[in-house]
Amino acid sequence: MSDQPGEEQTAEVRQRRVPDSPEEKKHLKAPERDDVRPTSDESDMDAVMQDDDRLERLTKSIPQDKGSLGEFADSMLESLPPRWRNWVVRGLFTVIMISTFTFIVNRGATWLMFLVFLIQFKCFQEIISIGLAVYRLYDFPWFRALSWYFLLTSNYFFFGESLIDYWGIVLKKDNFLHFLVAYHRLVSFALYCIGFVSFVLSLRKGYYMRQFSLFAWTHLTLLLIVSQSFFIIQNIFQGLIWFLAPVAMIICCDVMSYMFGFFWGKTPLIKLSPKKTWEGFIGGAFSTVIFGILLSLALYNRPFFVCPVQHYQTDSSNCTIPLAFQLQDYPVPRPFSFVYKILRKEPTVQLCPFVFHSIALSLFASILGPFGGFFASGFKRAFKIKDFGDVIPGHGGLMDRFDCQLLMGTFVMVYIHSFIRVPDASKLIKQIMTLEPNEQLDIFNLLKSELSKTGLL
């Protein structure tokens, strides 16, 4: 008997007789599970290559960016090398996107929320389109509609209460859509149950695995997209600067990383993104920290950006500036304080705390933020696609541009709740007014007693 396991398996296969008659085929037992295995490493590789080829065929329907600007513009750039042509296209649309974003920011919170929802819907469409292509479910229009139904249901669950409160302030109406606020969770659960039952009724024999796979795909997409957009809009409510600064830091990191990597990049950073380099990563991080400090110094004294949205909507000329944006004295550390002593000045500087907060935000944006992009790169490699779409020439789909924002929005929300946010007195009063009269009196007496102990009464 041979010592080679591959030869043993080959000899065993040769000794197996193929059944001749239908009766023999009928009584032929299926091989045990342990017998069903590849005969060599080459068989494994063949199977992997077949899967890769299958994925490439299935995802051909996903639009991919070709960097085209139209026939006229393409003819003007035709003489440039591909690398420089891509640089021009990316640069042009980066300027267009930043200009559009600046215009929308200056229009206020309402426009920004509509922008977030628009981006959310487009990113959801790009990811769901990949799932539909991979699981070949384009022939099920009713099933596809369910994915969008779950998106709308999730949005109502996440945003229902906060947006109704916001529009009540904007429209200056008390108890605006009070029914939807009072029974928000019940309505949300009822809407989800309708979608769940509809999914079960849409199941078709022979397609169960694919339908359940896309059902899970849809819910994972909702977790990534809707929850992140919810955190981003909650950040907007705390003040436009909590949205503008993190987004601008990510944009700065992307642009400067690309610039440093384009001109000086030589050392590969990570295999998931072969074009990313250590030079670009370090250059982008340093530039983002400097940019974050300058941006905070430029915006800290502007109520339009720093006031909580609800306070600004109520009285834009007299909103309360949060403590994080009020100037405070900080001692100058040694040896720099020696210069102040020579000049016979007090060794202190006036800064608002947000300058230090901006350093923390910019470090996260430049060090951990790019891992959202690496995650998206791994996802695209898994499904053999280059881009999530082709809506932005030179960049790809919207998801290609906002992948790094996935982690950033969550971090800012956690940071605000951990170090910045204080209880909102108006919301506490609203909650107290929903209690029974005897409970309101108990709170009043308890508060009166505490204030008397502290000497405020």
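**View 1. Phenylalanine 231 and its ring neighbours.** Phe231 is buried in this predicted model, since its relative accessible area of 17% falls under the 20% cut-off. Next along the chain, Phe230 comes out at 18% relative accessibility, so it counts as buried too. Look at how these two rings sit: Phe230 and Phe231 make a tilted aromatic pair, with 5.8 Å from centre to centre and 55° between the planes. Zoom out a bit and a cluster appears, in which ring pairs link Phe230 and Phe231 with Phe117, Phe157, Phe158 and Phe159.

**View 2. The stretch around the phenylalanine pair.** An unreviewed UniProt entry lists residues 214-233 under "transmembrane region". In the model, that span is 100% helix and 0% strand, and 28 Å separates its end C-alpha atoms. The entry's list also includes residues 239-265. There the chain is 89% helix, again with 0% strand, and the end C-alpha atoms are 37 Å apart.

**View 3. Phenylalanine 103 meets tryptophan 111.** A search of the whole structure turns up 32 aromatic pairs. One of them joins Phe103 and Trp111 edge-to-face, with the ring centres 5.8 Å apart and 85° between the planes. Are these two rings buried or partly exposed? Phe103 has 47% relative accessibility, so it goes down as partly exposed. Trp111, at 39%, is partly exposed as well. Trp111 has a charged partner too: Arg107 lies over the face of this tryptophan, 5.1 Å from the ring centre.

**View 4. Arginine 90 over tyrosine 258.** Here's another arginine sitting on a ring. Arg90 lies over the face of Tyr258, and the distance to the ring centre is 4.6 Å.

**View 5. A nonpolar patch on the surface.** Which residues make the nonpolar surface patch? Leu80, Trp84, Val88, Phe263 and Trp264 do, and together they cover about 480 Å². Two helices, helix 5 (82-107) and helix 11 (241-264), put in at least two residues each. Leu80, for its part, sits in the loop between helix 4 (71-76) and helix 5. Why does Leu80 count as partly exposed? Its relative accessible area is 32%, and partly exposed covers the range between the 20% and 50% cut-offs.

How values were computed: Residues are numbered from 1 along each chain as its sequence is written. This is a predicted model: local features need pLDDT of at least 70, side-chain atom pairs count only at pLDDT 80 or more; totals for chains, interfaces and linings use all residues. Side-chain values use heavy atoms; hydrogens and water are left out. Patches are made of residues with over 30% relative accessible area and no salt bridge: like charges are joined within 9 Å, nonpolar side chains (Val, Leu, Ile, Met, Phe, Trp, Tyr) within 5 Å. Accessible areas come from the Shrake-Rupley method with a 1.4 Å probe; for residues, only the protein chains shown count as cover. A salt bridge is a side-chain nitrogen of Lys or Arg within 4 Å of a carboxyl oxygen of Asp or Glu. Helices (H or I, at least four residues) and strands (E, at least two) are DSSP runs, numbered from the N terminus. Buried means under 20% relative accessible area, exposed over 50%, partly exposed in between (1.4 Å probe, protein chains only). Rings of Phe, Tyr and Trp (its six-membered ring) pair if their centres lie within 6.5 Å; planes under 30 degrees apart count as stacked, over 60 as edge-to-face and the rest as tilted. A charge sits over a ring if NZ of Lys or CZ of Arg is within 6 Å of the ring centre and within 35 degrees of the ring normal. UniProt positions are given in the numbering used here, feature names are shortened, and annotations may be inferred rather than shown by experiment.
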